[in-house]
Amino acid sequence: MAIQRTFSIIKPDATKRNLTGKIIAKFEEAGLRVVAQKRIRLTLAQAQEFYGVHKDRPFFDELCEFMISEPIVVQVLEGEDAIAKNREVMGATNPAEAADGTIRKEFALSIGENSVHGSDAPETAAEEIAYFFSGLEIVG
Ligand code: CMP
């Protein structure tokens with residue numbers, strides 16, 4: 001597998017509880033490198049656009065309100081097989097189903113307030129990275 005880049009968000013439930021460093025440590029311990037990062041506050045329009053693929057799901061409004069409730073940390077992670085590795089380190093969407101040692105098992109509060117987001121495929125990784133970062137902001 002080649003070196004890849006993936007997009008990651010540390011979500012409001014985690015920034016609120018001051019867990020940013022503990023979560024980044026999990027990525028680094030797994031061999032992922034933070035090559036771009038910023039702490040931002042999403043607008044409602046940005047949250048709705050970013051999660052547009054879920055706009056017909058019953059949890060869409062709740063998800064967007066949650067994502068604007070506190071700051072988030074957006075980042076680009078780089079490493080061998082980074083997209084799959086990031087998803088492995090995050091654990092299942094629902095923390096009740098997440099494996100031991102994963103971020104969501106250790107830190108997530110619920111399926112909605114699940115501490116982290118990660119891209120699910122190379123195409124979405126490229127789109128999500130480009131949504132938040134210019135090429136100049138990514139330093140490998
Ligand atoms: P994420 O990986 O950011 O992608 C979509 C998000 O929708 C997901 O993580 C969850 O936070 C959220 N989500 C998925 N299913 C539910 C649900 N049943 N109720 C509330 N939020 C959900």
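The shell around the ligand in this predicted model is a mixed bag: four of its residues are nonpolar, four are polar and three are charged. The neighbours in question are Lys11, Tyr51, His54, Phe59, Glu62, Leu63, Arg104, Ile111, Gly112, Asn114 and His117. The charged members are Lys11, Glu62 and Arg104, while Tyr51, Phe59, Leu63 and Ile111 make up the nonpolar part.

Some of these neighbours come within polar-contact range of the ligand's oxygen atoms. On the side-chain side, an N or O atom of His117 sits 3.0 Å from a ligand oxygen. The backbone joins in as well: Ile111 places a backbone N or O atom 3.2 Å from an oxygen of the ligand, and Gly112 does likewise, also with a backbone N or O atom at 3.2 Å. As for cover, the ligand on its own has 460 Å² of accessible area, and the protein hides 79% of that.

Zooming out, the ligand takes up the space of the largest pocket. This pocket holds about 750 Å³ of space. Its lining counts 25 residues, and Tyr51, Val53, His54, Leu63 and His117 are the ones closest to the pocket's centre. Tyr51, His54, Leu63 and His117 also turn up in the shell around the ligand.

Several pieces of secondary structure build the pocket wall. At least two lining residues each come from α3 (44-50), α4 (60-67), α5 (82-90), β4 (116-118) and α7 (122-132). The top contributor is α7, which gives four residues. Sorted by class, the lining of the largest pocket has nine nonpolar, eight polar and eight charged residues.

Key. Residues are numbered from 1 along each chain as its sequence is written. This is a predicted model: local features need pLDDT of at least 70, side-chain atom pairs count only at pLDDT 80 or more; totals for chains, interfaces and linings use all residues. Side-chain values use heavy atoms; hydrogens and water are left out. A residue is near a molecule or strand if one of its heavy atoms lies within 4 Å of it. A polar contact is a pair of N or O atoms within 3.5 Å; within protein, one must be able to donate a hydrogen and the other to accept it, and residues adjacent in sequence count only if both atoms are side-chain atoms. Accessible areas come from the Shrake-Rupley method with a 1.4 Å probe; for residues, only the protein chains shown count as cover. On a 1 Å grid over the protein atoms alone, a cavity is a set of points where a 1.4 Å probe fits but cannot get out, and a pocket is an open set with protein on both sides within 12 Å along at least five of seven lines; lining residues have an atom within 4 Å of a point. A molecule sits in a cavity or pocket if more than half of its atoms lie within 2 Å of its grid points. Grid points are joined across faces, edges and corners, and a volume is the space filled by probe spheres set on the points.
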